[in-house]
Amino acid sequence: MQHFRVKIFAQPVAVDFDPGPAIAVFHRWIQESELPELLIDVADYRHVPDGPGIVLMAHDAVYALDQTKGRLGLLYTRRSVDPAETAPARLQNALAAAHRAASLLEAEPEFAGRLRFEARSIEVSVNDRLLAPNTDASFAELEPVLRVAVDAEWGAGSYRVERSGSPRELLTATVSA
Amino acid sequence: MKTSNSQWKNRLAGQIAPGLVQELDVYENEVALRKQGKIDEKVFAETRLRRGAYGQRYDNGQRNDGKQTRKLEYPEAPTKGPNTLWDAPGMMRIKIPYGGVNAVQLEVLAELAEEYSDGIAHVTTRQDFQLHFVHIEDTPALMRRLAAVGITTREACGNSVRNVTACPIAGVCHTERFDVTPYASALTYFLLGHPDCQDFGRKFKIAFSGCRDEACALVRMHDMGAMAAMRDGQRGFELYVGGGLGTVPQQARLFAEFLPAEELLPTAQAICRVFARLGEKKNRNTARVKFLISKLGIEEFKRLVGEERQILAHDDRWTAYLKDIDTTLKEEPLRPSSLLEIKPAMPEGFAEWEKTNVYRQRQGGYATVTITLPLGDITSDQLRAVADISRKYIKETVRTTVEQNLVLRWIPQGDLPALYNELRAAKLATPGAGTIADVTSCPGTDTCKLGISSSRGLSGELRERLAEKQFVMDEAIRGLRIKVSGCFNSCGQHHAADLGFYGVSRNKAGYTVPHFQVVLGGQWQNNAGSYGLAIGAVPSKRIPETVDRITSRYLADKQPGESFQGYVKRIGKAACKTMLEDLMVIPEHDAAPDVYVDWADAREYTIGDIGVGECAGEVVNPIDFQLAACERESFEAQLALEAGDASRAARLAYESMLHGATALLKQRVPVFAEDGDTVVGHFRTHLVDTQLFHDPFAGAKFAQYFLKAHEKWELTVSPERAHQLVEEAQLFIEASHACYARMQGAKR
Ligand code: SF4
C-alpha cells in the first residue's frame, strides 16, 4: 500500500466561508519553508464547485484546502514513495503530515477562529488503482494497515472504520470516533 | 511517481493496438535512457513533446516567491530538455480529435487526473484535455491507459500536426452543409505519424467547419481550415491556409473555393510536404506556414502544392474512407425524441439554463446541451458524473468545445428537466454558455512558462462578477464574448473576441506591474472573421472596471441594432482609448499595493532587489515618457490603418519602433545622432549583440521586426504589410518595456 491520501475534515464553517485567504497562507509557507517537503507553487481552484479548492503543490506531496464532495477539509496526497518504509509507517507519516498542515492552517491569522479541523474524523484513500483497486480484497488489505496507524494516534478500539466510494473511485475508508 | 508504472504494460496487454504498444515501449525506453543520460536532452525534449509531454512553469528550477528568486532543490537527476529539470512537474496534453469523447474515456481521464495530476482535467481552446503537475516518469503509464481506451497523445505538442478540431455541433447543426466529423477524423488519422509531417519547423493546426458564417470552428485562424461546401450535389470544402494568431495574427487565405472531398487528404498531404520542405526551420518565430505563404505569395504557394500533388504516389487511404462516409461515426440517439413540456413547476434555475445552454438540433425533438466548465476545469467526480449521464440519456455522444466546455448531443427535449437535475447535482448546470460570463482563458502564469499575467486569475474574477449580473444584463451585452491570454501568444484566442485581453507588464518607479492589453473589435462569428487591435494596456486589477466601462458605454451609445464590432468601428479606437485613459494610469505603489499583485496570487509582482528610493514616488525617468510616446505613435498608426491610410500607418509604426530603440539607447550611449541608420547601428551593437533586447523565450524576434522594417523600408506599402507593421510595432514596444525592466535590474 502506498500513495496514501488523508483528508482531515473541517468542522462546519460559516455559509460565507471563503477559502481564498489560503492562497496568501500557502505562498507564505513557501517563502518561509514552513513544511518539510520541497514546496513548488499554489493553484487556485475556487471556481470549481466541490473541487480541490486551494492547492499547495510540493514535490513529494500535494496539500489542499479541499472541497471535494462538498466537504471542506485538509487533504494531503503523497506523491513519492520511500521503498524502505512499511505500509503502516507510510500511512502514519501521511497522517502526521496532514495533521501538521491542518494545525498550522488553523493557527494562521487569516483563518483565526473561522476554521477548525475535526480531531477524529478523517478519510484515507490509496491513490493507485492498479495496486489498490476499490475492491473487498483491497479493503481487507488496507484495514489492518489503517488500524496500526490510527491506533498509534487515537488508541485502539476508539473509532469506526467504514469503506466508502463506488468501485470506480479510489479505495477509501472513513475513520471516525 | 508511481511504483506501479511498470505494471501497466502487462495489465493492459491485449487492450492496445500492437503498433501502438511498440510505440509506447519505445517511448518508455527513451524516458529510461534519458534518465541515465544516454540520450541528448534536446532530442529527448522533442521526443516527449511529440508525445504530448510539455514543460510547465518553474521547471527550470527557479521561482520567485514574492520576496526573492529561489532555487527549487529537486533531487539530483538529468534534465528532460534544455534548462528543464527532470523532477519538475510537467503538463500532459491529450488529443481529442474533433472533440469526440465517450464515457469510458471520460472515466479514464478522471482516474488519470486523480492519480497523476491534481484532480482536475482541463479542456483547452483546441478541444484537447490537459493534465498539469505530471511527473515525466508517470507519462508512459498514463499514455498506455489512454491508448487502451483509444486516445493518443501522439503529436499533441511539438512541431507536428496538432489536434484536428471541428464544430461541436457538427451533424446536428441547422446551418451546416454536411457533417464534417468523419472527414476531420479521416484526416486526423491519415496525418498522424505520417512521414511527410515529421520535419516541420513549427506546429500545424487544422480545423473543420460545417458552414461559413457561424463561429464554431474558427477556421480562418488556422494553418489549414476546411469549410464544408457543395457543388453540383457533390461534397467538398472551401479550403483556407496560413491563418494564425500568435504575435502577428493573420487571417487565413483562400486556397481553393471548392476542393472535392476526394482531394482533401492528398491536398493536405501536399501542403504538409511543401511546408516541411520550404518552411523556416532555424528561426521558430517565422516558422509557421503563414510566414511561408507571406514570403512566397498565395499563388506561388498554390502552384507548389499543385506540383507536389501531381507527383505524390497514390495512397488508397485518400479515398477509402469515403465509401462509408455516411455510416462512419454516425451518431444515433439512445432514446426516442420528445418535446419539452413547459410545466408550472420546472426545476429551480431551469429556465435560465435552458435559454443559454440548450441548442435545438436539426433532428426534431432532440437537443444538444452545453455543460459550462469554469475556465475549462472539471473534477474527476464530475467527469464520472458526465460519463454516467452520457450512458443514461445518450449513446455517449459527448464533445469538447473550443470555448472550453462539453456538449451532450441527442438529448430528447422532454428529458431536459431530468437531465438538468442530474447536472445540477453534479454542480454542472451553470447557465450562461456562450455569454459574456462564459470567459475563455489560456493557462497563463498558473502553469505556462511564457505567461506574463494571470489570465486564469483574471478570468475567474470576471466570471464570478459577470455570473452574478448576467440575468439582469441587456441581451446586447450578455451575448458578447471575452477571451483572455496570459501573453501575446494568443492561446486564449483573444483576437477573436469582442473583448480580448492579453498579458503584458509595465514599470513604475522600479516596480513591475501586471497589465493586460485591451483588444477590441475581434469577430467570433464567421469562423473568426476579423481580428481586433490593441487599444492600450490597463493594470490587471483594473480590467473588471474596464469591462464594465466599455459595456455600459456601448449600451448607452449604440445605435439601434448596432453590433459591438460596429460600435467600436464607428466610434474609432481613439475614442475607445480615451474611454479607458484614467484606468491606464498606474497608481503609486503605496497608494494601491494590490495593483502590484496579480489576480489569484499573493506575491508582489515586482521582484528582485530594486529598492523604493526616496524619490521613487515622484521622479519619473525620461525613458518612461519616451516609451509612452512610442505607444502613442503606435496607437496613431492603428488609427491610420483604420482610416485606410496604409502608408501613414506603416510610417508611424516604423517611427514608434525607431523612437523606442532610441529611448533605450539613451540609457547606454551618451550622445548619438538620432537618424535611422545610426540608431539601427547602435541598436545592433548595444542591444542585439549583447542580447539585452532578447526576449527570454522569443529571442531576437522583436528586435528583428525593427531591423527588418528599417532594411526593407518602402514608402508605399500594401494594407496587409501595414497591418503587420502595426502589430509588430506594438510587440516591439512591449519588448522595449521588458528590456528597460532588465536594464533596471527588475527580473521581469
Ligand atoms: S497565451 Fe501565452 S501564457 Fe497563455 S498559454 Fe499561450 S503562451 Fe502561455
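Contact means that heavy atoms lie within 4.5 Å of each other. The exercises below use this cut-off on a model that is predicted.

**Exercise 1.** Determine which residues of helix H11 of chain B are buried, and which elements of chain B cover them.

*Solution.* Begin with the helix itself, which spans residues 350-357 of chain B and has Phe350(B), Trp353(B), Glu354(B), Thr356(B) and Asn357(B) as buried residues. Then turn to the cover over these buried residues, which includes two strands, E15 (358-360) and E16 (366-371), together with two helices, H13 (416-425) and H15 (475-478), of chain B.

**Exercise 2.** Locate Leu627(B) in the secondary structure, classify Leu627(B) as buried or exposed, and list the residues that Leu627(B) touches beyond four places in sequence.

*Solution.* The first step places Leu627(B) in helix H19 of chain B, which runs over residues 622-642. In the second step, the relative accessible area of Leu627(B) is 1%, and because buried means under 20%, this residue is classed as buried. The third step sets aside residues up to four places away in sequence, after which Leu627(B) touches Gly660(B), Ala663(B), Ser736(B), His737(B) and Tyr740(B). For one of these partners, Ala663(B), the separation from Leu627(B) is 36 residues in sequence and 6.9 Å in space, taken from C-alpha to C-alpha.

**Exercise 3.** Carry out the analysis for Ser634(B), giving its element, its burial and its contacts beyond four places in sequence.

*Solution.* Ser634(B) also belongs to helix H19 of chain B, and with a relative accessibility of 1% this residue counts as buried. Once residues up to four places away in sequence are excluded, the residues touched by Ser634(B) are Ser656(B), Gln730(B) and Ile733(B). As a check on distance, Ser634(B) and Leu146(B) are separated by 488 residues in sequence and by 48 Å in space between their C-alpha atoms.

**Exercise 4.** Describe the surroundings of Thr447(B), which lies in a loop of chain B.

*Solution.* The loop in question connects strand E20 (440-441) with helix H14 of chain B. Thr447(B) has a relative accessible area of 9% and is buried. Apart from neighbours within four places in sequence, Thr447(B) is in contact with Gln56(B), Arg57(B), His132(B) and Phe133(B).

**Exercise 5.** Find which residues form a negative surface patch with Glu464(B), and state whether Glu464(B) is buried or exposed.

*Solution.* Glu464(B) sits in helix H14 of chain B, residues 455-469, and has a relative accessible area of 52%, so this residue is exposed. The negative patch joins Glu464(B) with Glu468(B), Asp16(A) and Asp18(A).

Conventions:
Residues numbered from 1 in each chain as written. Chains lettered and ligands numbered in written order. Predicted model: local features only at pLDDT ≥ 70, side-chain atom pairs only at ≥ 80, totals over all residues. Heavy atoms only, no water. Patch = residues over 30% accessible without salt bridge, like charges linked within 9 Å, V, L, I, M, F, W, Y side chains within 5 Å. Areas by Shrake-Rupley, 256 points an atom, 1.4 Å probe, with all protein chains shown as cover. Salt bridge = Lys/Arg side-chain N within 4 Å of Asp/Glu carboxyl O. Lys, Arg positive; Asp, Glu negative; His and termini not counted. Charge placed at Lys NZ, Arg CZ, Asp CG, Glu CD. Helix = DSSP H or I, 4+ residues; strand = E, 2+ residues; numbered from the N terminus. Buried < 20%, exposed > 50% of the residue type's maximum accessible area, 1.4 Å probe, protein only.
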